[in-house]
Amino acid sequence: ACATEECFRSFGGGRQRGLAFGDWVILLSPRGLTQPILTHELCHVELHAWLGTWKSLTMIPRWFDEGLAVVVSQEPTHSETVWEDIVHRNLPRPTLAELTSFGDWDRAVRRYGGTQPDAPKVVYATVGHELRRWYAKAGPAGLGQLIAEIQTGQEFDAAYGKVGG
């Protein structure tokens, strides 16, 4: 956990409030020293630990990894209320297909906003909305089933749809 932005940048941080590296390291900026941000990053680490970092990075779309972390963390800036406001204001929002890789994710955050402190976090709210919808159907057992199926080599889209998509 960094006390200064300079410290955070020196370890590879940028506009984020926190970063997870694989299944064992979390880096927090001074802006990320909150329970929701720590929980968000811990969710990434835990998912990567369950699946192994390689499978997490190659078999799980970025939108699922981030969406699960949004749901678990309950970060207010990514809430369902924020999502509803985005829809009400008819703000442009990405499709899940635009959010598959790390590069896709970074491009979408720049394209749809969310890098400014007061701007709605459209991309995070979008994936949070999708994962809340999915998790309402799948529940904890469905999440466990999805992870188990991916561990055995099942393709993500098939497992996701089968469990609750």
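User: What makes Thr 81 and His 88 count as exposed or buried in this predicted model?

Analyst: Exposed means over 50% relative accessible area. Thr 81 and His 88 are exposed, and they sit on the other side of α5 from its buried residues.

User: Which residues of α5 are the buried ones?

Analyst: Val 82, Trp 83 and Ile 86 are the buried residues of this helix, which covers residues 80-88. Looking down the axis of α5, you'd see them fall within an arc of 100°, so they line one face of the helix. What they pack against is α7.

User: Why is the pair of Phe 64 and Trp 134 called edge-to-face?

Analyst: Check the planes: over 60 degrees apart counts as edge-to-face, and pairing needs centres within 6.5 Å. Here the centres are 5.8 Å apart and the planes are at 85°, so edge-to-face it is. Phe 64 is in helix α4 and Trp 134 in helix α7, so the pair ties together parts 70 residues apart in sequence.

User: How do you know whether Trp 134 is buried or exposed?

Analyst: The cut-off for buried is under 20%. Trp 134 has a relative accessible area of 0%, so it's buried.

User: And what makes the pair of Phe 156 and Tyr 160 stacked?

Analyst: Stacked means planes under 30 degrees apart. Theirs are at 25°, with ring centres 5.2 Å apart, so the label fits. Both residues lie in helix α8, 4 residues apart, about one turn of the helix.

User: Which residues do ring pairs link into a cluster?

Analyst: Trp 63, Phe 64, Trp 134, Phe 156 and Tyr 160 are linked that way.

Notes. Residues are numbered from 1 along each chain as its sequence is written. This is a predicted model: local features need pLDDT of at least 70, side-chain atom pairs count only at pLDDT 80 or more; totals for chains, interfaces and linings use all residues. Side-chain values use heavy atoms; hydrogens and water are left out. Buried means under 20% relative accessible area, exposed over 50%, partly exposed in between (1.4 Å probe, protein chains only). Helices (H or I, at least four residues) and strands (E, at least two) are DSSP runs, numbered from the N terminus. The arc is that of the directions from the helix axis to the C-beta atoms. Contact means heavy atoms within 4.5 Å. Rings of Phe, Tyr and Trp (its six-membered ring) pair if their centres lie within 6.5 Å; planes under 30 degrees apart count as stacked, over 60 as edge-to-face and the rest as tilted.
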